[in-house]
Amino acid sequence: MTFAEYEVLERPFGWKVEYWDGQARLTPRSIGVTTRIALIPRALSQLFTAWQDTLVSVDSAYTAQMIAGYFEVFADSVEFCDWPLEDIQQSADRDIKRYFSGERGDPLLASVIALEPNTQKLAGLALFVLKPEQKPYLDLLYVRSPFQRQGMATAMVSWGMSRLIETEFHELFSTYHICNHQSRQWHHKFGFQDIYDPYYIRLRLGWLNNEIWRKEKLGELTGLAALLQEQSQWQSQIESDV
């Protein structure tokens, strides 16, 4: 790849793109996007009904399965891009044990496990904690690959929210990795709304500036108007915050 070709290379948002020895190197930025949703009763779908009988409260007896599921789901994820497998295993072990010890926040009774109906083994996990700022967070959410895209994540989080509604809290918070588009799409479909900090806004605006320049240089008009409109919106927000 020549440097001229690199300059007009399409860059996925959230990724760091560099030019080394005639090649483009893409690295996911370690940035989380915080989201929130109001704690109000939800209309439960048929997918929730299909899984509700498999949902049980989190119990330390499932610790080994929780760790194994964590490693299985995240071993090749963008969150752990280029991590050695042994480091991911250590992270799985540490994060699950820190949940039970309260180091990730006070564990909440909303935390839930989904069990595989036939074997009663762990199929999915949703951990809720109370952070020091006294805000409830969806701290960890995963579904093992054989059970993905079947509504299990939605069922678990809905189950947890139904218990949080009975408390004094009014909102639930969660964070997704900026490069994990599947997680972003799930959060938005569920109803979470992004909370943008100044760094995210400037990062997004920088990406838009480059993408608009790239399209104009290549003479690509498809989608350009939408990019220009979004650029104007973010720029106005920056100026209003000054």
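Begin by selecting Gln 120 in this predicted model. With a relative accessibility of 45%, Gln 120 counts as partly exposed, because that class lies between the limits of 20% and 50%. The residue sits in the loop that joins β6 to β7. Display its backbone torsions: phi is near 60°, a positive value in a residue other than glycine.

Select Asp 82 next, in the loop between α3 and α4. Its phi is near 70°, again positive in a residue that is not glycine. Is Asp 82 buried or exposed? Its relative accessibility is 62%, so Asp 82 counts as exposed.

**The whole chain**

Zoom out to the full chain of 242 residues, of which 42% count as buried. A cartoon view should show 8 helices and 10 strands. Along its principal axes, the C-alpha trace spans about 55 × 40 × 35 Å. Of the contacts with a separation of 6 or more, 63% are made by residues 24 or more positions apart.

**The β1–β2 hairpin**

Select residues 15-20, which form strand β1, together with residues 23-28, which form β2; the two strands pair in the antiparallel sense over 6 bridges. Within this pairing, Tyr 19 stands opposite Ala 24 of β2. The hairpin leaves 2 residues between its strands, and Asp 21 in the turn has a positive phi of about 50°.

**Helix α3**

Move to residues 63-74, the 12 residues of helix α3. From first C-alpha to last, α3 reaches 17 Å, close to the 16 Å expected at 1.5 Å a residue. Colour Thr 63, Met 66, Ile 67, Gly 69, Tyr 70, Val 73 and Phe 74, which are the buried residues here. Now look down the axis of α3: the buried residues fall within an arc of 165°, so they line one face of the helix. An α-helix has 3.6 residues a turn, so residues three or four places apart point the same way. Which elements cover the buried residues of α3? The cover includes α4 (85-101), β6 (112-115), β7 (122-130) and β8 (136-143).

**The largest pocket**

Phe 74 of α3 leads to the next stop, the largest pocket, with a volume of about 1,600 Å³. Its lining comprises 50 residues, and the closest to the centre are Phe 74, Glu 79, Leu 141, Asn 180 and Ser 183. To see which elements contribute, show α3, α4, β8, α5 (152-164), β9 (171-177) and α6 (181-190); each supplies at least two residues of the lining.

**Helix α7**

Finally, select residues 198-218, helix α7. At 1.5 Å a residue, its 21 residues should span 30 Å, and the end C-alpha atoms are 30 Å apart, which agrees. The buried residues of α7 include Tyr 200, Ile 201, Leu 203, Leu 205, Trp 207, Leu 208 and Ile 212. Also buried are Arg 204, Glu 211, Arg 214 and Lys 215.

Stay with Arg 214, which is found in α7. Why does Arg 214 count as buried? Its relative accessibility is 5%, and buried means under 20%. Show its neighbours: not counting residues up to four places away in sequence, Arg 214 touches Val 8, Leu 9, Glu 10 and Glu 220. The tour ends just after α7, at Gly 219, which takes a positive phi of about 75°.

How values were computed. Residues are numbered from 1 along each chain as its sequence is written. This is a predicted model: local features need pLDDT of at least 70, side-chain atom pairs count only at pLDDT 80 or more; totals for chains, interfaces and linings use all residues. Side-chain values use heavy atoms; hydrogens and water are left out. Helices (H or I, at least four residues) and strands (E, at least two) are DSSP runs, numbered from the N terminus. The expected span of a helix is 1.5 Å times one less than its number of residues. Buried means under 20% relative accessible area, exposed over 50%, partly exposed in between (1.4 Å probe, protein chains only). The arc is that of the directions from the helix axis to the C-beta atoms. Contact means heavy atoms within 4.5 Å. Two strands pair if DSSP finds at least two bridges between them. On a 1 Å grid over the protein atoms alone, a cavity is a set of points where a 1.4 Å probe fits but cannot get out, and a pocket is an open set with protein on both sides within 12 Å along at least five of seven lines; lining residues have an atom within 4 Å of a point. Grid points are joined across faces, edges and corners, and a volume is the space filled by probe spheres set on the points.
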